[in-house]
Amino acid sequence: MDERESLQIQETRQGDTLVLQIMGDMDIYEAPLLKIKIQSAHETDVKILLVDLSEVNYIDSAGLGALLEGHRLYEKGKGLFAIVSPSQNLKEAFQVSRLDHYLSIFATRKEAIAAGRKNAP
């Protein structure tokens, strides 16, 4: 029996800020959907893209790769790409993979938005 939770992404836009609320498992089967959402946001006027992981239960290398793709797209002066509210398990995955040295990770959306405004291009 398959116990994976299908990925759901809820989008909330306010001005030039977009929050992608991720719910479920970010794995090899579901990560391509997140990549598409990130690429679509990058092609618009979104300056602050937040990926809220508070409801993510599991992430594998494909999920991490999707997040790195977002970082890569936004690091070239577009604005801020940030991870928000990761669980302790996800924080540990970022630490073990050393991605916490590359990705902008914030405890809350408010902190991430403030950082994005401060460093806006």
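**A helix, a sheet and a buried aspartate**

Let's start with helix H2, residues 61–74. It has 14 residues, and at 1.5 Å a residue they should span 20 Å. The end C-alpha atoms are 20 Å apart, which agrees. Keep in mind that this is a predicted model.

Look at the start of H2. There, a side-chain oxygen of Asp 60 comes to within 2.9 Å of the backbone nitrogen of Ala 62.

Now, which residues of H2 are buried? They are Gly 63, Leu 64, Ala 66, Leu 67, Glu 69, Gly 70, His 71, Leu 73 and Tyr 74. A helix has a rhythm here. An α-helix has 3.6 residues a turn, so residues three or four places apart point the same way.

What do the buried residues of H2 pack against? Two strands and a helix to begin with: E2 (17–26), E3 and helix H1 (31–42) are among the partners. Strand E4 and helix H3 are partners too.

On to the sheet. It is open, with 5 strands in the order E1-E2-E3-E4-E5, and the pairing is mixed. Strand E1 (8–14) and strand E5 (104–106) stand at the edges. Each has a single partner strand, so one side of each is left without a neighbour in the sheet. From one strand to the next, the twist averages 25°.

Take one pair. Strand E3, residues 48–59, and strand E4, residues 80–84, run in the parallel sense over 5 bridges. Helix H3, residues 88–96, lies across E3, E4 and E5. Its direction is at about 105° to E3.

Next, the nonpolar core. The largest one has 27 residues. Which members touch the most others? Ile 22, Met 26, Leu 34, Leu 49, Leu 53, Leu 67 and Phe 94. The elements giving two or more residues to this core are E2, H1, E3, H2, E4 and H3. Apart from it lies another core, of 9 residues, including Leu 50, Val 84, Phe 106 and Ala 115.

Last, one residue: Asp 52, in strand E3. Is Asp 52 buried or exposed? Its relative accessible area is 5%. Buried means under 20%, so Asp 52 is buried. Opposite it, in E4, stands Val 84. The side chains of Asp 52 and Ser 54 are joined by a polar contact of 2.7 Å. Leaving out residues up to four places away in sequence, Asp 52 touches Val 19, Leu 20, Gln 21, Ile 22, Val 84, Ser 85 and Arg 109.

That's my tour. Questions, please.

Methods
Residues numbered from 1 in each chain as written. Predicted model: local features only at pLDDT ≥ 70, side-chain atom pairs only at ≥ 80, totals over all residues. Heavy atoms only, no water. Pairing = 2+ DSSP bridges. Helix = DSSP H or I, 4+ residues; strand = E, 2+ residues; numbered from the N terminus. Axes fitted to C-alpha atoms, helices over the stretch in contact; angles between N-to-C directions. Contact = heavy atoms within 4.5 Å. Expected span 1.5 Å × (residues − 1). Buried < 20%, exposed > 50% of the residue type's maximum accessible area, 1.4 Å probe, protein only. Polar contact = N/O pair within 3.5 Å; in protein donor to acceptor, adjacent residues only side chain to side chain. Core = buried A, V, L, I, M, F, W, Y, C linked by side-chain atoms within 4.5 Å.
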